[in-house]
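This report goes through the strand pairing, the helix packing, the backbone angles in the loops and the main pocket of one protein chain.

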Amino acid sequence: LPTDLVTRTQRNAFAALNRVVVPLVERGVGAPLAPAGVGIVMLETTGRRSGRTRRVPLVGVRAGQRVYASTVRNDSQWVKNLEAEPESRVWLNGSPKPTVANVRRQRGVQLATLTLR
């Protein structure tokens, strides 16, 4: 299959999944237990080109005032958005919390550390 077709198919599949998952995560379903745990968080970034708010559900690990999320996809838009604008929000237990992100890329993995403010 052509690469652009695969990429488009993946993006469409994730968009369809997110339409179902986003409302649940915003309500706190699957959130990591405070102050430590693993669960689903909603990351809210600012689009680096559009300036619009973008939301993406991610598996996150919470450790006190930090939430860690990562991806092995090289083209994850949420990572690029955080690199351009580290001010972000993460939804935990049904409410948004302001965060500042630090993104590290190492050996094909991108790790975002979201520090709660």
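## Strand pairing and pocket

β2 and β3 form an antiparallel pair joined by three bridges. One contact in this pairing is that of V61, whose bridge partner in β3 is Y68. Two residues lie between the strands in the hairpin of β2 and β3, and there G64 has a positive phi near 65 degrees. The model is a predicted one.

β1 and β2 also pair in the antiparallel sense, over eleven bridges. Within this pair, T45 stands opposite R54 in β2. T46 has T53 in β2 as its bridge partner, and A36 is bridged to A63 in β2. The hairpin of β1 and β2 has six residues between the strands, with G51 at a positive phi near 80 degrees. β1 pairs with β4 as well, again in the antiparallel sense, over three bridges; in β4, W91 is the bridge partner of M42.

The table sets out the bridge partners named above.

| Residue | Bridge partner | Strand of the partner |
|---|---|---|
| A36 | A63 | β2 |
| T46 | T53 | β2 |
| V61 | Y68 | β3 |
| M42 | W91 | β4 |

How do the six strands close up, and in what order? They form a barrel in the order β1-β2-β3-β6-β5-β4, with antiparallel pairing. From one strand to the next, the twist averages 40 degrees.

Both helices pack on the sheet. α1 touches β1, β2, β4 (87-92) and β5 (95-106), and its direction makes about 60 degrees with that of β2. α2 touches β1, β2, β3, β4, β5 and β6 (109-116), and its direction makes about 95 degrees with that of β5.

### Positive phi outside glycine

Most residues other than glycine have a negative phi. Two residues in the loops depart from this pattern. N93 has a phi near 50 degrees, a positive value in a residue other than glycine. N93 sits in the loop between β4 and β5. Is N93 exposed or partly exposed? N93 counts as partly exposed because its relative accessibility is 46%, and the partly exposed class runs from 20% to 50%.

R107 likewise has a positive phi near 50 degrees, and R107 is a residue other than glycine. The place of R107 is in the loop between β5 and β6. With a relative accessibility of 79%, R107 counts as exposed, since that class begins over 50%.

### The largest pocket

Rolling a probe the size of a water molecule over the atoms shows where empty space is left. The largest pocket has a volume of about 800 Å³. Which elements give two or more residues to its lining? They are α1 (3-26), β1 (36-46), β2 (53-63), β3 (66-71) and α2 (77-84).

The lining of the largest pocket is made up of 26 residues. Those that lie nearest the centre of the pocket are N18, V56, R73, Q77 and W78. By residue type, the lining divides into ten nonpolar, nine polar and seven charged residues.

Taken together, the helices and strands meet in two ways. α1 and α2 pack on the sheet, and both helices also give two or more residues to the lining of the largest pocket, along with β1, β2 and β3.

Conventions: Residues numbered from 1 in each chain as written. Predicted model: local features only at pLDDT ≥ 70, side-chain atom pairs only at ≥ 80, totals over all residues. Heavy atoms only, no water. 1 Å grid on protein atoms, 1.4 Å probe; cavity = no way out; pocket = protein on both sides within 12 Å on 5 of 7 lines; lining within 4 Å. Points joined across faces, edges and corners; volume = space filled by probe spheres on them. Helix = DSSP H or I, 4+ residues; strand = E, 2+ residues; numbered from the N terminus. Nonpolar A, V, L, I, M, F, W, Y, C, P; charged D, E, K, R; others polar. Pairing = 2+ DSSP bridges. Axes fitted to C-alpha atoms, helices over the stretch in contact; angles between N-to-C directions. Contact = heavy atoms within 4.5 Å. Buried < 20%, exposed > 50% of the residue type's maximum accessible area, 1.4 Å probe, protein only.
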